[in-house]
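Reader: I'm new to this one and would like a close look at a single part rather than a quick tour of everything. Could you pick one sheet and walk me through it, then show me what surrounds it?

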Amino acid sequence: MKKIYTLIILLASFTSVFAQSGSHTDDTDENLLRAAVRGWHVRVGAGFNLGGTSPLPLPAEIRAIDGFNPGLHIALEGAMQKQFGATPWGIQLGVRLESKGMSTDATVKNYYMEAKEADGGEIKGAFTGHVKTNVNNRYLTFPVLGVYKINERWSVSAGPYLSWMFNGSFSGEAYGNEIKNELGESIGVDAYIRDQNPTGEKTEVTSATYDFSGNLRKFHYGVQVGGEFKAYKHLSAFVNLQWGLNGIFPSDFSSVTFSLYPVYGTLGFNYLF
Amino acid sequence: MKHFLPLAFLGAALTFSSCIQDEPLNAECDITGIDSLWLSNHKAMIIGDPIVTNTTVSVTLKKGSDRTQLDPKFYLTPGAQIFITGEGTPANGVVRDFTAPQLYTVRSEDGNWSKDYTVSFNYPRPISVCSFEHYALDASGKFYQWYEVDASDEQNPRRDYWATGNAGFAMSGMAQTPEGYPTTPNPLGVRGNCVCLRTSDTGAFGASTRMPIAAGNIFIGEFKTSQAMLFPRKATRMGLQLVGGEPVMLIGYYKYTPGEVFYDKNKEVVEGRRDKCDVYAVLYEVDPAKFVPLNGDDVLTSNRIVSVARFENPEEPKEWTKFELPFVMKEGKTFDRERMDNDGYAITVVASSSRDGQVFEGAIGSELFIDELEIVWK
């Protein structure tokens, strides 16, 4: 909810800036004009991030994805774009405030996990059952894109990006569903962990929560490709795909054994000054 | 544009779900039970249920029955195979001599894992004096377990009659050595070793599973590790059909120091409450054809209880102090010797460092030492 309010406020302030620019000239407009003279065109945009933070490819231990909620994740971006002379080529530098996240519910079989608690507790083993994961990471992202104008309306872009995660959470629950006998009595759950490895002592798991927020990596990089459609003189719609190239956890982090890569699509609008 | 975007996301979702790989072969290699047909064919010679742990199978046989040519058949993890340890020949239903315990090896369907099982067929030995001299590390080498010894059964003397919650505590990952577990051996007994029960902190894992403390406990029966998290009280299956007569007295020695701070089940401090230990024995009726043990939920309340000997007002002696607890018959119950001869009774003896440990209340650090427990039979 908080996120929605922030978005509304930001959009409102953009609108007021646009409204002002129509009536009188101020410093901002002069700066924009000066930039435009040098060939840099400024734009601001807003969109939704939709995607997953996922191992790629999905390991065989993941047997089913039972639930997926993309959540509401906003990206706000300001960028400068410059065309190289009369060629269709250009460059775009941006800064983006965004969150990337999702919730999943997966069924796993013989999934190795390891957890070290701050108080010294240590759990290792092969888990079979269900895992819920909630990811919500906030980034300041700096994309550097090459732009190719196909025609007056369409353009495509591609390039690397660098992200700094200033706030992140990665938490969830390993759980089991009750199994009932024909009399309706609970006789067990469909989840268990085996100590150390598949030969270890077996313990059925009703629910155990985890929180690896403190272990998340602060810097990410990846590549971004996208397309933009200029619907009006000042307004365009865009879609892009951001593919993370380093995992969200450091490589020596053993609680989640496979690397999880953020792969997100953004869908939104730009205002072109 | 309008139509293109939803399609793109649908495409992405399909790609995502098509990424589920083929199911790998099973990696587990368990004996999950003894074949029910085999059991019903041997009903006349077997007492109670076989006890199957992660590495052992033990069956109690009626005294005098022949165990030199038995061909037990086991249920295994789907796809797993069972062999005579050291030999490559399949061993399910193969005749073996169980005068001494026999070893089996189970190999997983994917071939990557295997596990050895010790399978024993034992004659019962009624509980008498328990001195806690016999203990060993469990198969994982993480914690201790206690057993009784039947010296008359030369090649197969070990009787795993005692159980503890140590295997459940192992899940918390809080103990790095066997000495860090709630139930440990101690050399300073009344005579020889004794057992030390200590209420312990289960840490973050325990808190996340709403079991913030673990009382040190030891009891006659079976600890069903697999159910420890789901039904922590039902997992303590108390009692075995090891009755040697009508029990009249539970005798033993104890020392007790309560922990400093008492916690309730939400791990909130309870001011002014002092921890107390608990020692009791319960004799109860069982159906010889279908053994259902009492458990942590009903061990003191079931209507199958015949008599109870319980320490009502334990104190905090720093030196070894003897206790003598008489068995008190429940109203309307009698002891029937014929029923006993038909294995119609079971008995359990329970000791715990926190009296309300079964509901996860107690003081971390409470320590109960127990030695020379004895049941006096009439």
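Author: Sure, let's start with one pair of residues. In this predicted model, B:Gln81 has B:Arg107 as its bridge partner in S6(B). Zoom out a little from that pair: S5(B) and strand S6 (residues 102–107) of chain B are joined by four bridges, and the two strands run antiparallel.

Now for the whole sheet. It's an open one, made of five strands of chain B in the order S2-S3-S7-S6-S5, with mixed pairing. At the edges you'll find strand S2 (46–52) and strand S5 (81–84) of chain B; each has a single partner strand, so one side of each has no neighbour in the sheet. Go from one strand to the next and the twist averages 20°.

Next, hop over to S3. Strand S3 of chain B covers residues 56–61, and B:Thr60 is part of it. Is B:Thr60 buried or exposed? With 20 or more other C-beta atoms within 10 Å a residue counts as buried, and B:Thr60 has 23, so it is buried. Setting aside residues up to four places away in sequence, B:Thr60 touches B:Ile46, B:Ile47 and B:Gly48, plus B:Asn122 and B:Pro124. B:Ile82 is another matter: B:Thr60 and B:Ile82 are 22 residues apart in sequence, and their C-alpha atoms are 22 Å apart in space.

What about nonpolar cores? The largest has 90 residues, and those with the most contacts inside it are B:Ile220, B:Ile347, B:Val349 and B:Ile370. Apart from that one lies another core, of 20 residues, including B:Val57 along with B:Ala27, B:Tyr117 and B:Val119. Back in the largest core, take B:Ile347: leaving out neighbours within four places in sequence, its contacts include B:Ile127, B:Ile220, B:Leu242, B:Val243 and B:Leu283. As a general point, nonpolar side chains tend to be buried together in soluble globular proteins.

Last, a look at where the two chains meet. The contact takes 35 residues from chain A and 34 residues from chain B. On chain A's side, the elements that give two or more residues include strand S2 (62–69), strand S5 (122–149) and strand S13 (235–244) of chain A. S2(A) gives the largest share of that side, four residues. Sorted by class, the side of chain A that touches chain B has 17 nonpolar, ten polar and eight charged residues.

Key:
Residues numbered from 1 in each chain as written. Chains lettered and ligands numbered in written order. Predicted model: local features only at pLDDT ≥ 70, side-chain atom pairs only at ≥ 80, totals over all residues. Buried ≥ 20, exposed ≤ 12 C-beta atoms within 10 Å, placed from the backbone. Contact = placed C-beta atoms within 7 Å. Core = buried A, V, L, I, M, F, W, Y, C linked by C-beta atoms within 7 Å. Nonpolar A, V, L, I, M, F, W, Y, C, P; charged D, E, K, R; others polar. Pairing = 2+ DSSP bridges. Axes fitted to C-alpha atoms, helices over the stretch in contact; angles between N-to-C directions.
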